[in-house]
Structures are given as structure tokens and as C-alpha cells.
Amino acid sequence: MSALAILDLGYGNVESVRLGFVRLGAEPVLVRDRRAVENAERLVVPGVGHAGYAMERLEAHGLVDALKARVRPTLGICVGMQLLFEASDECERPLLGLLPGRVAALSSSPTTPVPHMGWTRVKDVAAGVGLEQDEQLYFAHSFAAPESPYSVASMLYAGRHAAAVRKDNLWGAQFHPERSSAPGARYLEAFLAS
Amino acid sequence: MPAARIIPCLDVADGKVVKGVQFRDHRVIGDIVEHAARYRDEGADELVFYDITASADGRSLDTDWIHRVAEVIDIPFSVAGGIDSVARAEACLAAGADKVSVNSPALADPDLIGHLADAFGRQCVVLGIDSFEDEDGTWRVKQFTGRPEATRDSGRAMLDWAKEGSARGAGEIVLNCMNRDGVRRGYDLAQLGALTACVEVPVIASGGAGTPDHFREAFEAGCSGALAASVFHDRRIAIGDLKAHLAASGLEVRT
């Protein structure tokens, strides 16, 4: 059983995420089989480019039920967080449905180009996730999850969206903690300490 | 609003930071990880590494240095130069890069942009455009600009190519205005303003930064980020001072 496992479905920013944990002194292992997903003490689901593709990969590897059944700490990053919700504008396929709501496409405007790329302040930050009110975090996404009772940080960009979510041991970050400088590192540390 | 992004660009040859864009004349100025760490510590919001050897020689990109950078820095960075296939882009991302930037190969094969976006998501795909203003005032896209003797007109107009590239899946456009490159008289605000008005994706200004006000002007023209090389390398502008200047002008910066 690994203490910290990162789900590696092929594409995406797996190495970037892995190195983010390594910088904190953690020793993450990359996994892609069902038993590892079931047994990892802590599991990270990094972003892969497209929600539909990510679900397809999870299904192909037989990981959907194992993910839904997890009770130990689990963290989804970027698209990995979006997968926790019920559905997305990005794909027909249903998502994991562990959190209520539908992930929606960001609407662009002259002041809000899409994708949303860059350092944006977080609002309404809850205690216990290592973040502080108004801290700037790095985002890179075209779809965003709705605010809900499970939002632990929000973000304003063409409307209000969830920047981070938490429901018991289920964590999600729309931002990239591994590329969000010191605040991102604090967030990952909070997850490791949970 | 996201913070106005300040993006130092480093030229890389054989895993070292070099100076001088002429690929034959480049001079090693230091270790890539030391430079990356220096800019991170000074407050850079993002870094761009341009592998001049890969693009000039048609060689495959050496990804060892990408991994060394990814280990050390905790801000996003993109890799440009010589990325002409999904496989090469994947090698860069697997080494820890956050984005890949394509330029001449996308002009040769526009489908490449869509293939990259399908594989990695459009937020990973940057389209670099080298634009040259002709005597008649039209903005032409140039290809193979890494080598002056190989540079040629692509036959495309800048705004048309930018619109096509973003429609094909580029998630960001870096517009390098060649007439301004290296002269430090300011970004080409006419081109940048025209571009930000006609694409939905973020635009990064490149070419011409010489003073802190030049950066302010680029952001006021609608750019999401401003890229520069020599003013940072030569320490003419300190990133901290630049951000203080932008903040005093009412722009959101990352502190």
C-alpha cells in the first residue's frame, strides 16, 4: 500500500504534480490499477486535458467504482476536480457524481479571455485547506465547477466559480497547486496532513 | 481579474541559457536552473524557454533540462522550439512543462494545433506568431525566424492566422512583432490591440519592451501577459520594480 499515489492515465501534467509533492519531501508513486486506487492512503487525480477523455480512461482502466468508493483522502486537480461533479458541458458522458452540480464552459468577454490562464485571487476561503483569503493562485482552464456548500475557496472570472472544494476527505483544486508558488505548496501540505 | 503576467523568455541551447538569437553566434550565459530560479525569486509569473538548437537543426528536443527546471520552480513554464508533433509535445509535458508553444510547424501543418489540443487540452497549447509589418502596413506572418537566412513569408496575414489558430484549438497566442524585436521602443500596440479585439484567447505581447511603461501599455491594449528577454537578462528592469510600477498604474499584479 502506498502512502501517496498519483493516478497516471497517460497524458496530462502528472510529472508536474509529482514534482510538486517531491518538493515537499513526499514520495509519491504513480499508479493506474484498481487495487492501488482502492488501497492508497492518499490519492491524487491530476488533470488530463479533457473531462470526457479522462472519464473514458477511468472506465477503460476499471477505476470508476474504486474512485467512487474511496473514503481516504483523495485530491482532484484541475480536470481531476471537475470529474468529482455530476456532469460537464465538455462531454456527454456522466462524471463521477461525488459532488452536486454541473461543470460549465467559461464564457469569454473582452476582459475575460478563455481559457482562463493566470494568477487569480481566491475569495471566501475556508479554514483547513492551507489557503488564505485573496491569495493569488495559478489557473489554466476553459470549464469551471459551480459553487456549492462544498466550496472551500471561490474565484471570480466571468462569474463566480469553485476554486477549491472539500467534502470530508474528498478534495478538489481547480487551480494548479504544483504551479502556484508558496500558497500552492501550503495547499498540498494541508492535503498531506489531512 | 487575473494578474497581469510578467514573462521572462530564455533562449536555450544544449541545455544552457544563451544570448544572441542568431543560432550560430550564441554565447552561453549560464545554467538554466539558476536562471529559472532567479526569475522565480524575482517574482516572474511564468517562464518561456525557447530551445533555439531544436528549431534550427530540426533535432528532437532534449528534455533533460526541462525536467531539471520542472523539479525546481513552482510557477508555470512553457517550452518552445522544435515541437512539431504530438509525440514531441508529450515528451515536453511528461518532463514537467506546463505548456508547449508551436510556431513554424503549425504554419507547415495547421492540423498540428488541433491534434495537440485534443491530446492535452487547449490550455497546454500556445501558438507563437512572428509578425512583420511590411512597407504597405500589412502584418505578415513569417516562418523559420530562428535563422535569418531561412526566414520566409508564410503567405498568411497575422489576424487571419491568429483567428484560425485559436479556432483550431490554441489556448493562448504569443504575438512577436519582429519590427520591434530588440529595439526596446515599446510593444506594437496597434497589432496587439487589433489581435486582442478579434480573438477570445489570452494574448501575450512580445518584442519591444524597454521601459516599465511599455509593459503597462501592452496590458492596457488588452494583453494578458507581456514577454521580454533582454531587459530582464541585462537587469535594466527589475521585476519587483516593474510590478510596483504596474500596481501604481492601477493594474492587478501578483505580489
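Q: Which residues form one aromatic cluster here?
A: Keep in mind that this is a predicted model. In it, Phe139(A), Trp171(A), Phe175(A), Tyr187(A) and Phe191(A) make up one aromatic cluster. Over all chains, the structure holds ten aromatic pairs.

Q: How do I read one pair, say Trp171(A) and Tyr187(A): what is their geometry?
A: Look at the angle between the ring planes, since over 60 degrees counts as edge-to-face. Trp171(A) and Tyr187(A) are 5.6 Å apart centre to centre with 75° between the planes, so they are edge-to-face. Trp171(A) belongs to strand β12 (residues 170-173) of chain A and Tyr187(A) to helix α6 (residues 181-193) of chain A, so the pair ties together parts 16 residues apart in sequence.

Q: Are Trp171(A) and Tyr187(A) buried or exposed?
A: The cut-off for buried is under 20% relative accessible area. Trp171(A) has 0% relative accessibility, so it counts as buried. Tyr187(A) is also at 0%, so buried too.

Q: Which parts of chain B does the pair of Tyr39(B) and Phe232(B) link?
A: This pair is edge-to-face as well, at 6.5 Å centre to centre and 65° between the planes. Tyr39(B) is in helix α1 (residues 32-42) of chain B and Phe232(B) in helix α10 (residues 230-233) of chain B, distant parts that are 193 residues apart. Both count as buried: Tyr39(B) has a relative accessible area of 0%, and Phe232(B) is at 1%.

Q: What sits over the ring of Trp119(A)?
A: That would be the charged end of Arg254(B), 3.9 Å from the ring centre.

Q: Now a helix. Why do the buried residues of α3(A) line one face?
A: Start by listing them: in helix α3 (residues 51-60) of chain A, they are Ala51(A), Gly52(A), Ala54(A), Met55(A) and Leu58(A). Look down the axis of α3(A) and these buried residues fall within an arc of 160°, so they line one face of the helix. Their cover includes β1 (4-7), α4 (64-68), α5 (79-82) and β5 (87-88) of chain A. Just after α3(A), Gly62(A) has a positive phi of about 65°.

Q: And a sheet: what is the order of the three strands?
A: In general, strands of a sheet pair through backbone hydrogen bonds, either parallel or antiparallel. Here the order is β5-β6-β9 in chain A, an open sheet with mixed pairing. The edge strands, β5 and β9 (143-144) of chain A, each pair on one side only. Strand β6 (residues 102-105) of chain A runs antiparallel to β9(A), joined by two bridges. Within β9(A), Ala144(A) is the bridge partner of Ala104(A).

Definitions and conventions
Residues are numbered from 1 along each chain as its sequence is written. Chains are lettered from A and ligands numbered from 1 in the order in which they are written. This is a predicted model: local features need pLDDT of at least 70, side-chain atom pairs count only at pLDDT 80 or more; totals for chains, interfaces and linings use all residues. Side-chain values use heavy atoms; hydrogens and water are left out. Buried means under 20% relative accessible area, exposed over 50%, partly exposed in between (1.4 Å probe, protein chains only). Helices (H or I, at least four residues) and strands (E, at least two) are DSSP runs, numbered from the N terminus. The arc is that of the directions from the helix axis to the C-beta atoms. Contact means heavy atoms within 4.5 Å. Two strands pair if DSSP finds at least two bridges between them. Rings of Phe, Tyr and Trp (its six-membered ring) pair if their centres lie within 6.5 Å; planes under 30 degrees apart count as stacked, over 60 as edge-to-face and the rest as tilted. A charge sits over a ring if NZ of Lys or CZ of Arg is within 6 Å of the ring centre and within 35 degrees of the ring normal.
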